[in-house]
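Notebook open, model loaded. I want to look at how the chains meet, then at the sheets.

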There are 2 protein chains.
Amino acid sequence: MALIVHKYGGTSMGSTERIRNVAKRVAKWARAGHQMVVVPSAMSGETNRLLGLAKELAPAKFTEAYGRELDALAATGEQASSALLAIALQAEGMQAVSYAGWQVTIKTNSAYTKARIESIDDERVRADLDAGKIVVVTGFQGMDEGGNVTTLGRGGSDTSAVAIAAALKAHECLIYTDVDGVYTTDPRVVPEARRLQTVSFEEMLEMASMGSKVLQIRSVEFAGKYKVPLRVLSSFTDWDMDIGVEAKSGTLISFEEDENMEQAIVSGIAFNRDEAKISVLGVPDTPGIAYQILGAVADANIEVDVIIQNISKDGKTDFSFTLHRNDYAKALDLLKAKVLPSLGAQEVIGDAKICKVSIVGIGMRSHVGIASKMFRVLSEEGINIQMISTSEIKTSVVIAEKYMELAVRSLHKAFDLDQPIA
Amino acid sequence: MALIVHKYGGTSMGSTERIRNVAKRVAKWARAGHQMVVVPSAMSGETNRLLGLAKELAPAKFTEAYGRELDALAATGEQASSALLAIALQAEGMQAVSYAGWQVTIKTNSAYTKARIESIDDERVRADLDAGKIVVVTGFQGMDEGGNVTTLGRGGSDTSAVAIAAALKAHECLIYTDVDGVYTTDPRVVPEARRLQTVSFEEMLEMASMGSKVLQIRSVEFAGKYKVPLRVLSSFTDWDMDIGVEAKSGTLISFEEDENMEQAIVSGIAFNRDEAKISVLGVPDTPGIAYQILGAVADANIEVDVIIQNISKDGKTDFSFTLHRNDYAKALDLLKAKVLPSLGAQEVIGDAKICKVSIVGIGMRSHVGIASKMFRVLSEEGINIQMISTSEIKTSVVIAEKYMELAVRSLHKAFDLDQPIA
């Protein structure tokens, strides 16, 4: 007897047969007495198909110039799958209604192709739930102040689901996907990777930002901010499995420090293959430099990941950051053309063939020597560390891309992540 | 230097290559100094693909129960093609913006899958035109008072285009399609069919309602009501043809009685293959009977075409009407279950294998004997006439479906429509 949000990924919505199974699963939950909100992604392949058409029409640098129209285009994929799911639910004998982002309304800013949710009006959805309907809310999209359709970026449906769960104060948000939970690392890289039964919100945040790819990072941020319990589980189990068993499967992302939480020092190894690094060399070490460099980058809507500035020598310092590989050329051009001349720096250099590997664990907070163990393992494999960045619960290194798999496997083994919890 | 509305059908939008040609054509018109509004259909096949998915999920009588969700689903096809066209226009160096029906706003009633436009707010579009932008307006759809997405039914993009042209008081509305104009009859049935350079609004209305399939009938009604000059022309001519030649090609549907209008007595032969007929026999001939029968049918959102009631005998009469074949079973059930008992009629019978063939012409107004010539031609071919209906400018007969081609060809020849105008 709770308000539950289900989110289904594109693979789970990939055919009418699968949509029907989603409908049966949601209907099972509704019949068990829960108020149900469902957020589906577009059918798998659909977003790529639509954006592929756009690319044929406007090949060069099209994402920047045509943002508004790209969003209007891409948003149709989720609208179609939402309507299809509502139809499938009605065919199951349930009352159901679907809403596009602008109908809810899900208000966002105007940063096309990577908009951020600003507010959600829950009135319409709540009225429908109270009237006994299942509400299907189109993920991935919203509407800006000017009434334009916006999208939240790849994986944005996760964020939609969590934001809706937060707005409705849902009991739990279940993210159904094509994996059965969060693993100690990507099983495609390390076959011995193990599923975690629970993971703390902070760990998940670090895992997601590091590219574990199970959840969009913003969805985890949202979940943490609004304390929405989040569960990642597989949509490929039988739809009619026992609801009590299903409700405890997958991995729970908990914002409470659970006594029973698995107390490994390192919970997982995260990595990100699509990174690039840029360094601005010989920067005068004066106040405002970081802002001068990163302000320009941020203004161009480029997200930056790791930022490192080392101590200065002779009044000069080197400033480095990593970013998504897709933004590499644009950021490099920008810095060379606009920032370098006004800054009096020596040079801007970069490397698009790097990756980032991180060890993540709440247990690291109270254990020393974890980072040094990581560096030792990498050195024993002959892997050169290019950059290091640490936080309370993670340590990240930037290394050449070609060493990624080797690094992940060695660290996974060294931290005993392939061993069952005692 | 005029405000022009272009409408492109699904075939004209059928690939990125074709969308690019549409963009080049529209850009040519804009560069010639015109303010341009473009209404594209969904890419050909897309609406069928989407509705096919819905049918897989809810096979039985799904159009009635799931109207709201079907509309939300089907509307995405036009939204995608509109965004793609805006992108293609931008790639041509033009400023362009696309709007979904709810963004314009195009307000409709709530009759899902066959909604009617109630009003169009032209403010947003006009502001964009004044700012030098080309405005792409999603056809086929609107929004009802409750903020739900509605669609206008098959061919509804024609109506959208004309309604927008009317709201903006456009100079002309050009309907680009896969035929190069309005013909004396369907060239697939009669190879000798001839293209008309102009056709009167009244004739076109009769032709469209008779199934000439060039334009949705409601678009012609709208054009007549708001006196929007309408031109049907081919989108498969070269996009860079001389704009003066292009502006005079195809067929102009004129609401002015033009001195130079071709003065054939019969302008064309229209026909409709997908008809069915229903007769209610032995109805007491008392006031209110027609309403009792057709009111029930109309309440079920079924459109009726020809209606015939003959003189009564012994206080009883027979009441017949034709309707679209898709609605046949539903209407028959309805009449048998609800109307027959309360009416005291003898019987309801029907036939789903009929067709309607009509001769249409403004010239018929002042010529006698045209109808009788039609009946003679059909009789000479041994074709039995089941129902007859006449208006000022057309005469229609209902005949067995199997005679359709024979009837159309014989009439086309008998009225000299295969001969060039002297």
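Before counting anything, I fixed my cut-off: I call two residues in contact if their C-beta atoms, placed from the backbone, lie within 7 Å. I also keep in mind that this is a predicted model.

**Entry: the contact between the chains**

I looked up how many residues each chain puts in. Chain A gives 27 residues to the contact, and chain B gives 27 residues.

Next I asked which helices of chain B supply at least two residues each to the side that touches chain A. They include α1 (16-31), α2 (46-57) and α4 (67-91) of chain B. The largest share of that side comes from α4(B), with 13 residues.

Then I sorted the residues on the side of chain B that touches chain A by character. I got 17 nonpolar, seven polar and three charged.

**Entry: the eight-strand sheet of chain B**

I traced an open sheet of eight strands in chain B, and its order reads β3-β6-β2-β1-β9-β11-β12-β10. The pairing is mixed. I found β3 (96-99) and β10 (198-200) of chain B at the edges, each pairing on one side only. From one strand to the next, the twist averages 20°.

I zoomed in on one pair here. Strand β1 (residues 3-8) of chain B runs parallel to strand β9 (residues 172-177) of chain B, and I count five bridges between the two. Which residue of β9(B) stands opposite Tyr8(B)? I find Tyr176(B) there.

I then checked a helix on this sheet. Helix α7 (residues 156-167) of chain B lies across β1, β2 (35-40), β6 (134-137), β9 and β11 (230-234) of chain B. Helix α7(B) runs at about 175° to β1(B).

**Entry: the six-strand sheet of chain B**

Further along I picked up an open sheet of six strands in chain B, ordered β14-β15-β13-β16-β18-β17, with antiparallel pairing. Why is one side of β14 (304-309) and of β17 (387-391) of chain B left without a neighbour in the sheet? Both stand at the edges with a single partner strand each, so there is nothing in the sheet on the other side. Ignoring direction, I get an average turn of 30° between neighbouring strands of this sheet.

I followed β14(B) to strand β15 (residues 316-324) of chain B: the two pair in the antiparallel sense over four bridges. I looked up Ile308(B) too, and its bridge partner in β15(B) is Ser320(B).

Last, I checked what packs on this sheet. Helix α12 (residues 328-343) of chain B does, touching β13 (268-284), β15 and β16 (347-360) of chain B. The direction of α12(B) makes about 125° with that of β16(B).

Conventions: Residues are numbered from 1 along each chain as its sequence is written. Chains are lettered from A and ligands numbered from 1 in the order in which they are written. This is a predicted model: local features need pLDDT of at least 70, side-chain atom pairs count only at pLDDT 80 or more; totals for chains, interfaces and linings use all residues. Ala, Val, Leu, Ile, Met, Phe, Trp, Tyr, Cys and Pro count as nonpolar, Asp, Glu, Lys and Arg as charged, and the others, Gly among them, as polar. Two strands pair if DSSP finds at least two bridges between them. Axes are lines fitted to C-alpha atoms, for helices over the stretch in contact, and angles run from 0 to 180 degrees between N-to-C directions.
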